[in-house]
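Please write a short guided tour of this model for a viewer session, giving the selections in order and what each one shows.

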Amino acid sequence: MDRRDFIKVSGAAAAGMALTSCVPVSSAEARGHFRLTQISSATDTIGQSYLMQTRGGKVIMVDGGYASDVEKLRGHLSRVGNHVDLWLITHPHEDHMEALVTILKDPQEVSVDKVVYSRLPDEFLDCEPGSAVEARKYYRVLDDFMDGTDFINVHRAGQRFDIDGVGVMILSVADMSLPVKHFNEQSMIIRMWDDSKSVVFLGDAEVCRGDSVLARYKEYLDCDYLQMAHHGQAGCSEEFYKAVNFRACLWPTPSWVWAPSPENSWLKTWDTRRWMDEKGITEHHVSCVETDWVLE
């Protein structure tokens, strides 16, 4: 079953921020602190949405989910001031990018300073025709948007943003040399850290993307909290998870993916859960279990 079928089955540099080249990452250099919220789906469907707020009030988003998640997302954004300083998009599938595009088209009270993404070229979009129509629509919104938001298309892995003393590092960008031509494999992998913790967001990375980043940036993948790739099923390889050092899992996962029934045997969540058990990971934060879980 391909990515398009997977979605169908579900039914459903701003002020204080600088872009720098790749530099060594350590907790010692982090001066700030962020609070993370793993936002659950409003309709128990597939999707990914993370909101971070720094000690100084800066707001960072990763993805955001479907348009059906926007009303709930607006509630979270209202509580942090209705302003997003940095919005990162891992890849242009509906369940990751549609919420942002919906808000850009109808911002109401929400404003966005910067959107960071790694754009897939037109010739690559045609490799996944089922998703290309929506991706092109999303990119047109970014191209035509005229209301003060900066859009940064990152072409080089290792780019880093500092925002209010919190580090954000892009570990992968669009790479047409990868042998598997799926949008998931183009996911922008992101590391984020403060003075006490680190989080790595894998987006929907699958085996090729995970292994390519592991080969180049292994030390940056080691973290406290690791977001399970592709909602915890059919994402990065067992070897990838064995090689990366982390202590807790973040699962942006609806109930039907977290514990798939026998008729959904094409879902591979049980494999990933077994790998985590064998690795000795006991701390799991699952979006369908801990609604809008918060990490201080």
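The tour below covers a helix pair, a pocket and an aromatic pair in what is a predicted model.

**Stop 1: two helices**

Select residues 70-79, which form helix 2, together with residues 94-105, which form helix 3. Their axes come within 10 Å and cross at roughly 75°. Angles of 65 to 115 degrees count as roughly perpendicular, so helix 2 is roughly perpendicular to helix 3.

Now show side chains at the contact. On helix 2, pick Val70, Leu73, Arg74 and Leu77; on helix 3, pick Ala99, Thr102 and Ile103. Coloured by class, the residues of this contact divide into five nonpolar, one polar and one charged.

**Stop 2: the second largest pocket**

Next, select Ile39, Ser40, Ser41, Thr45 and Gly47. Of the 19 residues lining the second largest pocket, these are the closest to its centre. The space in this pocket is about 160 Å³. What is the make-up of its lining by class? The lining has six nonpolar, 10 polar and three charged residues.

**Stop 3: an aromatic pair**

The whole structure holds nine aromatic pairs. For one of them, select tyrosine 117 and tyrosine 139. The ring centres are 6.0 Å apart and the planes stand at 40°, so the pair is tilted.

Extend the selection to residues 111-117, strand 6, and residues 129-144, helix 5. Tyrosine 117 belongs to the strand and tyrosine 139 to the helix, so the pair ties together parts that are 22 residues apart in sequence.

How values were computed
Residues are numbered from 1 along each chain as its sequence is written. This is a predicted model: local features need pLDDT of at least 70, side-chain atom pairs count only at pLDDT 80 or more; totals for chains, interfaces and linings use all residues. Side-chain values use heavy atoms; hydrogens and water are left out. Axes are lines fitted to C-alpha atoms, for helices over the stretch in contact, and angles run from 0 to 180 degrees between N-to-C directions. Helices (H or I, at least four residues) and strands (E, at least two) are DSSP runs, numbered from the N terminus. Angles under 35 degrees count as roughly parallel, over 145 as roughly antiparallel, 65 to 115 as roughly perpendicular and the rest as oblique. Contact means heavy atoms within 4.5 Å. Ala, Val, Leu, Ile, Met, Phe, Trp, Tyr, Cys and Pro count as nonpolar, Asp, Glu, Lys and Arg as charged, and the others, Gly among them, as polar. On a 1 Å grid over the protein atoms alone, a cavity is a set of points where a 1.4 Å probe fits but cannot get out, and a pocket is an open set with protein on both sides within 12 Å along at least five of seven lines; lining residues have an atom within 4 Å of a point. Grid points are joined across faces, edges and corners, and a volume is the space filled by probe spheres set on the points. Rings of Phe, Tyr and Trp (its six-membered ring) pair if their centres lie within 6.5 Å; planes under 30 degrees apart count as stacked, over 60 as edge-to-face and the rest as tilted.
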